[in-house]
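Trainee: I should like to be guided through the spaces and helix contacts of this structure. May we begin with the pockets?

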Amino acid sequence: MRGTKKLLGILLTLVMLISMSACGSPASDTTGDDTQASAQPENNASEAPAEKIVLTVFTEQMKENAESDSRVMAFYNAVDTFNAKDPNVQIEVDALATEPYNDKAKILAAGNELPEIFEVLGSWNKSFVESGVNMNLKDIIDADPEWKSIIKPTALNNFTVDGNPYGICLEEGGSTTLLFYNEDILNECGVASPPKTMTELTDAIVKIKAKGYTPISLGNKGPWVAESCYLSAIGSRYTGNDWNFSIVNRTGAKFTDPEFVQGLALMQNLAKQGAFNSDLNSIDYQQQRVPYYNKEAAMFIEGFWAINSLNSDCPQDVLDATHVTGIPAQEDAKVPDYLAGGSGGWAYELNANLEGAKKDAAIDFLKTLMSRESARTVLEGGNPCAIDPGEYDKSGLSRLHVEFFDLMSQVPFCETYDLVFDPNVIDVMSKGIQELLIDAVTPEELAERIQAEYEKTSE
């Protein structure tokens with residue numbers, strides 16, 4: 001009986017304790033711990049979720065090319081790196097092949113409907129600036145000295161207006177004016193390897209032709225080849241590179257200036273000397289390599305992109321005898337050994353309307369893309385880069401790539417005409433050079449024709 005009473009007493013005590021806990025004590029409402037516990041859920045409820053920022057990058061870098069082009073790989077690596085940092089700030093890529101990209105980018109720019117980040121060709125930049133669609137990056141770059149220190153001038157040259165940069169290139173222009181030569185054929189013809197001046201080239205042309213070879217294989221069916229891979233350097237050597245910017249900025253230079261005409265005359269004289277194949281306007285730049293591969297031509301002139309084609313397509317014995325250098329120096333020119341290129345042709349730019357968190361995120365992505373890590377990826381894949389990589393691994397580069405990068409570090413660069421001059425002017429120039437090389441127009445007549453188009457574009 002006593003045990004039963006004791007058990008009932010314990011149960012009664014438990015019921016009272018439970019009741020007190022359920023009802024709560026007025027005194028406990030004033031304790032610090034209870035105040036914090038009750039306030040915390042209230043604060044969480046009032047916090048707004050972090051705003052998700054989505055930026056679109058409009059580009060002509062197609063992802064399927066990433067394995068074969070280190071520039072494309074570096075871009076998509078940067079996107080992945082950026083997106084992994086913060087799930088609330090993400091990059092979306094809108095990529096089109098180059099031709100449709102060109103068309104759509106111009107339409108979007110005309111309607112001021114470009115996305116947050118986009119690619120711009122050098123020849124478009126000035127008109128984009130005048131339209132107010134791209135952001136001035138000067139203060140952004142200056143605000144980060146460490147980042148600024150790895151951006152080469154070649155990353156900005158084609159995208160600077162009145163001292164203000166509006167775009168940054170990841171890729172460096174390399175050079176469009178490289179001389180590829182077969183050392184064995186030149187030696188067979190008794191030619192120093194390679195001709196170092198235009199005078200030596202003139203002598204070499206005679207000796208090479210005497211042995212039955214084409215001195216220089218040229219495919220100018222797509223008329224940009226003779227303009228971009230020859231005249232851009234040849235003309236700039238006579239005029240100086242400042243002349244090119246005077247043309248772009250319309251500060252006095254003319255295509256009828258004697259120095260520019262001198263460059264056209266040299267081009268025509270090379271053709272008259274028999275430097276080129278007779279079907280030069282009937283084959284394209286890829287077909288011009290075929291006689292070289294077949295040991296029918298001693299040399300060809302093209303841009304750095306030909307190195308990858310040589311490494312993949314050229315017969316091994318020809319490849320083993322192939323070297324790359326600059327086109328021969330012009331002894332009578334203002335700058336005898338300019339190569340065209342160096343400055344990047346495509347840059348990434350920011351929409352001028354960006355502000356606040358979106359602007360900050362876009363700048364952060366630009367820094368992620370224009371980084372030493374990206375530069376190493378580009379260079380180790382065999383492409384020149386306008387961002388300083390620091391140390392990088394050269395072991396995977398071909399011999400021709402090493403020769404090319406060595407050349408790049410030794411010679412001065414000028415602008416490539418079609419990256420800076422108005423497209424309509426380039427069209428008249430390029431088609432006119434086709435006529436010039438078959439002696440259907442004089443240098444003076446062609447210069448007048450180009451100048452007329454230039455003046456028309458300013459109206």
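Trainee: What volume does the second largest pocket have?

Mentor: Please bear in mind that this is a predicted model. The second largest pocket is lined by 30 residues, with Ser 123, Lys 126, Ser 127, Val 248 and Val 420 nearest its centre. Its computed volume is about 660 Å³.

Trainee: Which element gives the most to the lining of the second largest pocket?

Mentor: Several elements supply at least two residues each, among them helix 4, strand 4 (160-161), helix 11 (241-249) and helix 21 (443-457). By class, this lining divides into 14 nonpolar, 10 polar and 6 charged residues. The greatest contribution, 6 residues, comes from helix 5.

Trainee: How much space lies in the largest pocket?

Mentor: The lining of the largest pocket consists of 40 residues, and those nearest its centre are Thr 98, Leu 121, Trp 346, Asp 418 and Leu 419. Helix 3, helix 4 (98-110), helix 10 (224-239), helix 19 (417-420) and helix 20 (423-437) each give two or more residues to this lining. The space in the largest pocket comes to about 1500 Å³.

Trainee: How many charged residues are in the lining of the largest pocket?

Mentor: The lining holds 14 nonpolar residues and 15 polar ones. The remaining class, charged, has 11.

Trainee: Let us turn to the cavities. Which elements give two or more residues to the lining of the largest cavity?

Mentor: The structure holds 3 cavities of 30 Å³ or more, and about 70 Å³ of space lies in the largest of them. Its lining is formed by Gln 61, Arg 71, Phe 75, Glu 119, Leu 170, Glu 171, Trp 346 and Tyr 348. The elements that provide two or more of the lining residues are helix 3 and strand 12 (346-350).

Trainee: Into which classes do the residues lining the second largest cavity fall?

Mentor: The second largest cavity contains about 40 Å³ of space. It is lined by Met 198, Leu 201, Ile 216, Tyr 230, Ile 234, Leu 270, Phe 276, Ile 301, Ile 327 and Pro 328, with helix 9 (198-210) and helix 10 each giving two or more residues. No polar and no charged residues occur in this lining, and its 10 residues are nonpolar.

Trainee: Now to the helix contacts. Are helix 3 and helix 17 roughly parallel or roughly antiparallel?

Mentor: Helix 3 (residues 70-85) packs against helix 17 (residues 372-380) at an angle of about 155°, and their axes are 8 Å apart. An angle over 145 degrees counts as roughly antiparallel. Therefore helix 3 and helix 17 are roughly antiparallel.

Trainee: Which residues of helix 17 does helix 3 meet?

Mentor: The crossing of the two helices is right-handed. From helix 3, the residues in contact are Ser 70, Arg 71, Met 73, Ala 74, Asn 77 and Ala 78. In helix 17 they meet Ser 374, Thr 377 and Val 378.

Trainee: How are helix 10 and helix 20 set with respect to each other?

Mentor: The two pack at an angle of about 90°, with their axes 7 Å apart. Angles of 65 to 115 degrees count as roughly perpendicular. Helix 10 and helix 20 are therefore roughly perpendicular.

Trainee: How many nonpolar residues does the contact of helix 10 with helix 20 have?

Mentor: Helix 10 contributes Trp 224, Ala 226, Glu 227 and Leu 231, while helix 20 contributes Ile 426, Met 429, Ser 430, Ile 433 and Leu 437. One class, polar, has 1 residue, and the charged class also has 1. The number of nonpolar residues is 7.

Technical notes
Residues numbered from 1 in each chain as written. Predicted model: local features only at pLDDT ≥ 70, side-chain atom pairs only at ≥ 80, totals over all residues. Heavy atoms only, no water. Axes fitted to C-alpha atoms, helices over the stretch in contact; angles between N-to-C directions. Helix = DSSP H or I, 4+ residues; strand = E, 2+ residues; numbered from the N terminus. Parallel < 35°, antiparallel > 145°, perpendicular 65-115°, else oblique. Left-handed = near helix turned anticlockwise from the far one by under 90°. Contact = heavy atoms within 4.5 Å. 1 Å grid on protein atoms, 1.4 Å probe; cavity = no way out; pocket = protein on both sides within 12 Å on 5 of 7 lines; lining within 4 Å. Points joined across faces, edges and corners; volume = space filled by probe spheres on them. Nonpolar A, V, L, I, M, F, W, Y, C, P; charged D, E, K, R; others polar.
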